[in-house]
2 protein chains.
Amino acid sequence: MNIGDVARQSGVPAKTIRYYEDIGLIRPNRSENGYRAFTENHVHKLAFLGRARALGFTIEDCRTLLSLYEDENRESMQVKAVAEDHLRQIEEKIAKLQSMRATLAELVEKCAGDHRPDCPIIEDLSPERLAK
Amino acid sequence: MNIGDVARQSGVPAKTIRYYEDIGLIRPNRSENGYRAFTENHVHKLAFLGRARALGFTIEDCRTLLSLYEDENRESMQVKAVAEDHLRQIEEKIAKLQSMRATLAELVEKCAGDHRPDCPIIEDLSPERLAK
DNA sequence: ATTGACCCTCCAGTAACTGGAAGCCTCATA
DNA sequence: TATGAGGCTTCCAGTTACTGGAGGGTCAAT
């Protein structure tokens, strides 16, 4: 199978597939003409990667998950550990963003948004107010 | 004032200040010895930048906000537009992360996390289940 | 004169791709 | 058989916002 077919079937862009080969996530063979030659298994792995990435796992997480995916003797606790760790990081990001949103929403609401220069947003960002 | 003082007063690391100069956010003069020479105003701008960055504004947003900060004839609607746009993007990110969290939390909960290989997380990521 | 704390520039690396240039390969059609 | 449209290849550069480090001047005090 050529890269285009694999891209269509897995949902992962050809460019990204080449990148994944570069960093050693997949190892397709080569045809005589130099084209990458993929198998069904590669399609599966790529789809797996696509899903894992969609859930926000890093490439390094994906590397780990992929090896667990292929390891018949894996222990589910290994997988769970990776997922829990990632979940924690997602929650941290959410918390940080929610805090930003709260501040920002408040400022936006307070700002008249008219033709005058007075602006609570600028004032909040300005350090002069500290000196006063 | 040398970069170290400015870094301490503004809370922005020296390395970052140099970077901000590189990209034209601030323009300190130079002393005879080649050292950057900062003024109080630079400290203010840098503190402003630090706060804006902490609220998640991009560097390009910061560039705009900084020019509005310095513009006595600004219209608050200009500031508000930038902030509202950023707020929208934050909300998008939050939504995306919450969706990931939901999926991930569900999977983590379903996973036994023991010594057996069976794992709902791996199964969810696997494409084979589609074929079944 | 030497030490230690500053300062300088320039290069490389981070995360995960994405776009584009330059150039083969292949197949179908004229 | 020539040609043109895709598809494939590699390699280079750019993205975001810094951060770390090497190699080397500067300054104040001892």
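**Close-up views of a protein–DNA model**

**View 1. Polar contacts to DNA strand D.** In this predicted model, B:T16 places a polar side-chain atom 2.9 Å from a phosphate oxygen of DNA strand D. The backbone of DNA strand D is also approached from chain A, where an N or O atom in the side chain of A:R18 is 3.1 Å from a phosphate oxygen. B:K15 addresses a base instead: a polar atom of its side chain lies 2.2 Å from a base oxygen of DNA strand D.

**View 2. The protein surface around DNA strand D.** Seventeen residues surround the strand, and those that come nearest are A:Y35, A:R36, B:K15, B:Y20 and B:R53. By class, the residues of this surface comprise six nonpolar, six polar and five charged. Among the atoms of DNA strand D within 4 Å of the protein, 66% are sugar or phosphate atoms, and the rest belong to bases.

**View 3. Helices facing DNA strand D.** Helix 1 (3-10) of chain A and helix 2 (14-22) of chain B each contribute at least two residues to the surface near the strand. The most is given by helix 2 of chain B, which supplies four residues.

**View 4. The relation between chains A and B.** A turn of 180° with a shift of 0.0 Å along the axis lays chain A on chain B with an RMSD of 0.1 Å. The two copies are therefore related as by a two-fold rotation axis. Both copies use the same surface, since 100% of the contact residues of chain A recur in chain B. Within chain A, the residue closest to the rotation axis is A:I94, with its C-alpha at 3.0 Å.

Definitions and conventions: Residues are numbered from 1 along each chain as its sequence is written. Chains are lettered from A and ligands numbered from 1 in the order in which they are written. This is a predicted model: local features need pLDDT of at least 70, side-chain atom pairs count only at pLDDT 80 or more; totals for chains, interfaces and linings use all residues. Side-chain values use heavy atoms; hydrogens and water are left out. Copies are superposed by least squares on the C-alpha atoms of residues with pLDDT of at least 70 in both. Contact means heavy atoms within 4.5 Å. A residue is near a molecule or strand if one of its heavy atoms lies within 4 Å of it. A polar contact is a pair of N or O atoms within 3.5 Å; within protein, one must be able to donate a hydrogen and the other to accept it, and residues adjacent in sequence count only if both atoms are side-chain atoms. Ala, Val, Leu, Ile, Met, Phe, Trp, Tyr, Cys and Pro count as nonpolar, Asp, Glu, Lys and Arg as charged, and the others, Gly among them, as polar.
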